[in-house]
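Let's take a walk through this protein together. Please have the structure open as you read.

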Amino acid sequence: LLQGFVGQLFRQVDKTAFRIWIGFEALVVALAQQVGTRIPNLSPLIIMRNCTEDDGCQDEQLSLVLDSNWRWVHVVGGYQNCAHYDPADCAIEGVNYSKQGIRTDPENLSVTLQMQGAGGAGGGSRLFVADGQDYKTFNLINRELTFEVDVSSLECGTNGALYFVSMDATGGKGGNNMAGAPYGLGYCDAQCPANRWYEGIQGFCCTEMDIWEANRQASAFTAHPCSSSGPCNGQECGHDGFCDRAGCDVNTYRLGDFQFYGPGMVVDSNKPVTVVTQFLTDDGTDSGNLSEIRQMYLQDGNVISNPKPTLPRINATNLTPKYCASEKADFRSADLFQSKGGLSEITSAFRKGMVLTLSLWEDKSTEMRWLDSFVPIGSSAPGDKRGRCNASKITTEFIKAHDASAYTTYSHIRYGEIGSTTAARRLSVSLQV
């Protein structure tokens, strides 16, 4: 994901974790190593469901952990922010989730993220799903993921996202790091986000699978493989660095159907929608190679497939090696997807275990044009038109003006065997999309 997050809890905080890989072994070092005592660290619960065809769906009681970037990091024994790295003198605090604009429903089946929390705290939030003291890791190869989402209040320039990253499950806890996953440490993604705490390291990269990125006007799902995970500098962090930052994506507007997704359209963003994503293997077994990522929607009792694109080389809207190569060719982009590992790297990342991430954010650097408008502004080249938002009018002032009303809700998250997470899907398991 592009990094546009700005979090606040009593005062401005900086990122507090970074990851260093040596050879094939990962050594994770957290810079805010002490555990603070001024704010309780009480994570809200969330119930997900693990499903099989034979036994149905079983509840899993998990928790949600706020990313360290939204937490207060201060001098041990005092209130002064830690502005510089000092491993012996910095503590990271717990967080009041409701003040941050995060709330779960009474049965813990849904979580709502508000762009602006109590007292004006803004910039959205980023949450990780945890199981006990570690992040829960998922392997969705030959599995599907289903959830309901509401983006009806998200205007242009904002993004409600549900995605996976191949970050360390412990958040680097151990040794000098006494905080780890319970305090939201260890984040990385395919945009190689910067860590301002550590001089000499520009960013931290890892494979990312975006299941859902959307507002009212545009949506996309995208695979971002990385050929190398860990710290990056210079070109390693850039466009042709360790990761395919652009990824291989399905955005139906970008593919030529301007009436499929949006308010009052085939997939009506004025209403909640159920999103089903399947990770299919070449032989239909758990040990097979990932050959296709397929997505569909359930709304008003209908199973809705992505429409066929209008571009010359693309005849389907599922993520396959052929689709990704054709998309890059039609949009005249270098095929970084395959050179960074393609679906094979997505397979590898899931088999190692990926962390589920839920977020709501605003991109004040590009106003989210890469999702819902034109990149570059005014271009008519294939692939540059991403959505119907007016790039000249969607300014940082516009985004800020809608902060108070912006929220997204994720509900009834479940995963399991193909065809097991929704009754409607069982009726259409052979549907070709």
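What follows goes from the overall picture to the sheet, the aromatic rings, the cores and a few backbone details.

The model is a predicted one, so a good place to start is the confidence of the prediction. The pLDDT averages 86 over the protein, and 86% of the residues score at least 70. Two stretches fall below 50. One is residues 1–32, which still has 126 contacts in the model beyond near neighbours in sequence. The other is residues 425–433, with 19 contacts of that kind.

Now for the general build. The protein holds 6 helices and 28 strands. Of its 433 residues, 58% are buried. Many of the contacts reach far along the chain: among those between residues at least 6 apart in sequence, 71% join residues at least 24 apart.

One sheet makes a handy first stop. It is an open sheet of 3 strands in the order 5-9-8, with mixed pairing. Strand 5 (34–35) and strand 8 (73–75) are the edge strands, and each has a single partner, so one side of each has no neighbour in the sheet. As a reminder, strands in a sheet pair through backbone hydrogen bonds, in a parallel or an antiparallel sense. Strand 8 and strand 9 (residues 90–92) take the antiparallel option, over 3 bridges. You can find the register by looking at valine 73, which stands opposite isoleucine 92 in strand 9.

Next, turn on the aromatic side chains. The structure holds 11 aromatic pairs. In one of them, the ring centres of phenylalanine 164 and phenylalanine 350 are 5.5 Å apart; the planes meet at 65°, so this pair counts as edge-to-face. The two rings come from distant parts of the chain: phenylalanine 164 belongs to strand 16 (residues 158–165) and phenylalanine 350 to helix 3 (residues 342–352), 186 residues apart. Both phenylalanine 164 and phenylalanine 350 are buried. For a stacked pair, look at tryptophan 361 and tryptophan 370, with 6.2 Å from centre to centre and 25° between the planes. Tryptophan 361 is buried, at a relative accessible area of 0%.

Ring pairs also build a cluster, made of Phe138, Phe164, Phe279, Phe350 and Tyr415. One member of that cluster, phenylalanine 138, has a charged companion too: lysine 136 lies over the face of its ring, at 5.2 Å from the ring centre. Elsewhere, the charged end of arginine 126 sits over the ring of tyrosine 187, 3.6 Å from the centre.

Which residues touch the most other members of the largest nonpolar core? They are Phe147, Phe164, Met209, Trp212 and Leu319, in a core of 62 residues. Phenylalanine 147 is a good one to zoom in on. Beyond its neighbours within four places in sequence, its contacts include Leu162, Ile211, Trp212, Val273 and Tyr410. A second, separate core has 20 residues, among them Phe128, Cys188, Ile201 and Trp361. Trp361 is thus both a member of this core and a partner in the stacked pair with tryptophan 370.

Let's return to helix 3. Its buried residues are Gly342, Leu343, Glu345, Ile346, Thr347, Ala349 and Phe350. It helps to recall that an α-helix has 3.6 residues a turn, so residues three or four places apart point the same way. Just after helix 3, glycine 353 takes a positive phi of about 105°.

Finally, a few backbone details are worth a look. Most residues other than glycine have a negative phi, and most peptide bonds are trans. Aspartate 300 has a phi near 55°, a positive value in a residue that is not glycine. Aspartate 300 lies in the loop between strand 25 (290–299) and strand 26 (302–305). Methionine 368 also has a positive phi, about 65°, and its place is in the loop between strand 27 (354–362) and helix 4.

Are these two residues buried or exposed? Aspartate 300 is exposed, at 56% relative accessibility, whereas methionine 368 is buried, with a relative accessible area of 0%. The last stop is a cis peptide bond between valine 375 and proline 376, where omega is about -5°. Proline 376 sits in the loop between helix 4 (369–372) and helix 5 (396–401).

Definitions and conventions:
Residues are numbered from 1 along each chain as its sequence is written. This is a predicted model: local features need pLDDT of at least 70, side-chain atom pairs count only at pLDDT 80 or more; totals for chains, interfaces and linings use all residues. Side-chain values use heavy atoms; hydrogens and water are left out. Two strands pair if DSSP finds at least two bridges between them. Helices (H or I, at least four residues) and strands (E, at least two) are DSSP runs, numbered from the N terminus. Rings of Phe, Tyr and Trp (its six-membered ring) pair if their centres lie within 6.5 Å; planes under 30 degrees apart count as stacked, over 60 as edge-to-face and the rest as tilted. Buried means under 20% relative accessible area, exposed over 50%, partly exposed in between (1.4 Å probe, protein chains only). A charge sits over a ring if NZ of Lys or CZ of Arg is within 6 Å of the ring centre and within 35 degrees of the ring normal. A nonpolar core is a set of buried Ala, Val, Leu, Ile, Met, Phe, Trp, Tyr and Cys residues joined through side-chain atoms within 4.5 Å. Contact means heavy atoms within 4.5 Å. pLDDT is the predictor's confidence in each residue, from 0 to 100.
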